[in-house]
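Work through the exercises below with the coordinates open. Try each task before reading its solution.

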Amino acid sequence: MSKEQKVETRITNQPISELKREIADSVKGEKNWKNMKILWHSVAPFVNSGYGNVTRHMTVGLSNRGIPIFCSAYWGIQPPGLLNWKGLYVLPVRKTSDDPIGLKSAAEHYKRFKCDLGIFHADFWASQNFPKLIPNSMCYSPIDMENYPEKWLRILRAYKWVAVPSLHAQAELKKFGVNSTFLPHGVDIKDYYPSNQEQSRKAFTLEKDKFIIGIVAGNNDEETRKGWDANFLAIKYFLEANPDAKSDVQVFIHTDPTNEKGRNLTELANQIGVSKYIIWNDTYTTSVLALPDAAMNKLYNCFDVFLLLSRREGFCLPALEAQACGVPCILTEFSAMIERNDYGKCGWLIKPSTKIYSPLNAVTAISDPFKGADALGEAYNNEAKRKMFAKRSLAYARRQTWDIAIDKHFMPLLKEIAEEIPKLTTRTEPKKIAGN
Amino acid sequence: MICLLSKNEAKSLPQFFKAMEQLDYPKEKLRWVWMYGRSVDDTLSLIQEFHKKSSYKYEIYEEPVFERLLASSLYNARLCNEFKNLYKEEEFVLFIDSDVIEMPPETLKELVKVDKDIVAPYPYRKDSAGSEFFYDTYVFRFHGWKFERVEYQGKVFDYSNPIFKDEKKPVEIDSVGTCFLIKANVFLEVDWDNPVPHLQFCNKARSKGFKVWALPYLKIYHIDATETNESPHFPLEWYVMRGILPGEEMEKVGYEKKGKQWVLKHWD
């Protein structure tokens, strides 16, 4: 949720002998999977959004590991002209009414920059032409619903490789015969870590003794994917069941409450009757400038508990960032949110009250605000449990860094992909994969 | 040594495994060697699960990058030849489609017992109504006649009534496919070639003096692709007619050009 970024010179943890061999190979012009040039099509790496965050960490991470990578951005940069952003080339695209996310430009970038692999990172259902235009294509998209219609699955089937950020997505696709690789997102624990709550609250002019429920989420759709109605209702029911908490609880929300693309959240909070407990972060900050990582870290550290009763999540980066700051989460028991709370071991999972078909005709959940209220009640009244969850959340988040995501998951996947690209591979013989 | 080329076969594998397990043959004498083609279904996990539970010796290899298993099996010669590198002194080598779903338990024993250079059972397919049809009407040939509807010496043969159907003893024919046992020396001496590797293997073997036999009285059943909504295995002609492959390929599978047409070359 920020745009602060460090791009280091290329640093690698490879043993010197291996590095020397690779250099010698590349001098000789021999094949090397790390020569694979990647075109990453998504938003620009400096955009403050989920896709921007992933783009920033993944492209910079790969670049720092010696993989040549270009960002083709359908959002965050306007043509004409490219941008050298701290060593990464960010290429704009030409958008037209029949090509709203510039896939034709992406294909042109792929060709002109002689790329070997094109990665699409956005909602997969918008990428119908990407695998048709780009010979070696990989889709890295959230799959946050269930029972997708074949119309959408067919788009994924056209890709040569599919990677998904959650195990839920992987299992869901497998049901329909789509093989995918688990490639999680991560958190930078140098940026997100527990710090002094009192000082953090001071920075946001919040009272030090209050019980603060925090929400960090976008407000970009009318459907209210982030479950704003459920969030507000859960707070209402919690306060009704715990009248003593009314004077003690504040809800701090980091979002753009009046974004025209989303719901009018100030109005919704009024309608539900919780507006007097809510402190909205400054709209100019949330919608225009955004907060750097250091400030976001302070923000999470203000919270006693993080609440997000989303209808679905592809990964839910804010929950992981909150956990890295030692803040336990209350999340819906659906899609990637189950994994975010380690199947209920480090936070509260709220069972959906029902499941419905979303506008894409796939299944999404509606969180149960009454159960959400119960969880808030427990977080408020049972300090021991909250602290236990906080401790577990922190330990869990520390195992999910961007470095782990890249080194453990992305690099082996790229190596495997390169092995399948004739220009880069050295494998011409069958490979033994099992036996006795 | 049992040689298997398998890609997207999840639908048929459970029945294939059942049929293979029912074979009346010492399990310890069999070694399964799989050439696995990257699949979009559960082919690999089904194979692995089967071998975890069974006591067969086995090896699974993933296809090389430059040589991909094709659904049509028309151009898999290199992968067939790869099995030679994996051969370990067995007396016989069995090539079998992993979508064969039914076999009499004595199948393998009988193939070994007849002791021929190359020998195969007759492969059929059954539709849901229970009608039987000869399955491999393209590779199975006798004197240049395919095992499909033909009139020959006053008799009518068709795919439901194939050549030598009623014979109770081994019959010598041109070529066999689907499931066939090869003696080790033949396997090592003869190479597969494209297109239609099994057909060319048999033809080459015959040119070296080996003989190809079939057992009409031994019937096995292949999955019926027309019943499972799978893409049919198109013959070479289908690709040539559409200009996907050059016409010269037809010569390699027994055709000759007469005027503008390619016609099958029969022989006596």
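The exercises use a predicted model and go from one chain to its partner.

**Exercise 1. Describe the overall build of chain B.**

Step 1. Assign secondary structure. Chain B has eight helices and 16 strands.

Step 2. Compare the radius of gyration with the globule rule. The radius is 18 Å for chain B, close to the 18 Å that the rule gives for 268 residues, so the chain is as compact as a globular protein of that length.

Step 3. Box the C-alpha atoms along the principal axes. The box is roughly 55 × 45 × 40 Å.

Step 4. Count burial. Of the 268 residues of chain B, 39% count as buried.

Step 5. Check the contact range. Take contacts in chain B between residues at least 6 apart in sequence; 78% of them join residues at least 24 apart.

**Exercise 2. Find which residues of helix α4 of chain B are buried, and say what covers them.**

Step 1. Apply the burial cut-off: 20 or more other C-beta atoms within 10 Å. In α4(B), residues 107-114, Thr107(B), Leu108(B) and Leu111(B) pass.

Step 2. Look at their directions. These residues span an arc of only 95° around the axis, which puts them on the same side of α4(B).

Step 3. Recall the helix geometry. An α-helix has 3.6 residues a turn, so residues three or four places apart point the same way.

Step 4. Identify the cover. It includes three strands of chain B: β6 (118-126), β13 (179-183) and β14 (212-222).

Step 5. Inspect the helix exit. Just after α4(B), Asp115(B) has a positive phi of about 55°.

**Exercise 3. Divide chain A into domains and characterise their contact.**

Step 1. Set the bounds. Domain 1 of chain A covers 16-186 + 402-420, and domain 2 covers 197-398.

Step 2. Count the contact. Domain 1 of chain A gives 18 residues and domain 2 of chain A gives 16.

Step 3. Locate the domain 1 side. The elements giving two or more residues are α2 (50-64) and α6 (167-175) of chain A.

Step 4. Sort that side by class. It holds nine nonpolar, seven polar and two charged residues.

Step 5. Take the C-alpha centres of the two domains of chain A. They lie 30 Å apart.

**Exercise 4. Analyse the contact between chain A and chain B.**

Step 1. Count. 16 residues of chain A touch 15 residues of chain B.

Step 2. Find the main elements on the chain A side. α16 (402-420) and β17 (431-435) of chain A each give two or more residues. The largest share, five residues, comes from β17(A).

Step 3. Classify the chain A side. Four residues are nonpolar, six polar and six charged.

Step 4. Check strand pairing. β17(A) runs antiparallel to β3 (residues 57-62) of chain B, joined by four bridges. Gly435(A) has Glu59(B) as its bridge partner.

Technical notes
Residues numbered from 1 in each chain as written. Chains lettered and ligands numbered in written order. Predicted model: local features only at pLDDT ≥ 70, side-chain atom pairs only at ≥ 80, totals over all residues. Buried ≥ 20, exposed ≤ 12 C-beta atoms within 10 Å, placed from the backbone. Arc of directions from axis to C-beta. Contact = placed C-beta atoms within 7 Å. Rg over C-alpha atoms; globule rule 2.2 N^0.38 Å. Domains from an automatic or database assignment. Nonpolar A, V, L, I, M, F, W, Y, C, P; charged D, E, K, R; others polar. Pairing = 2+ DSSP bridges.
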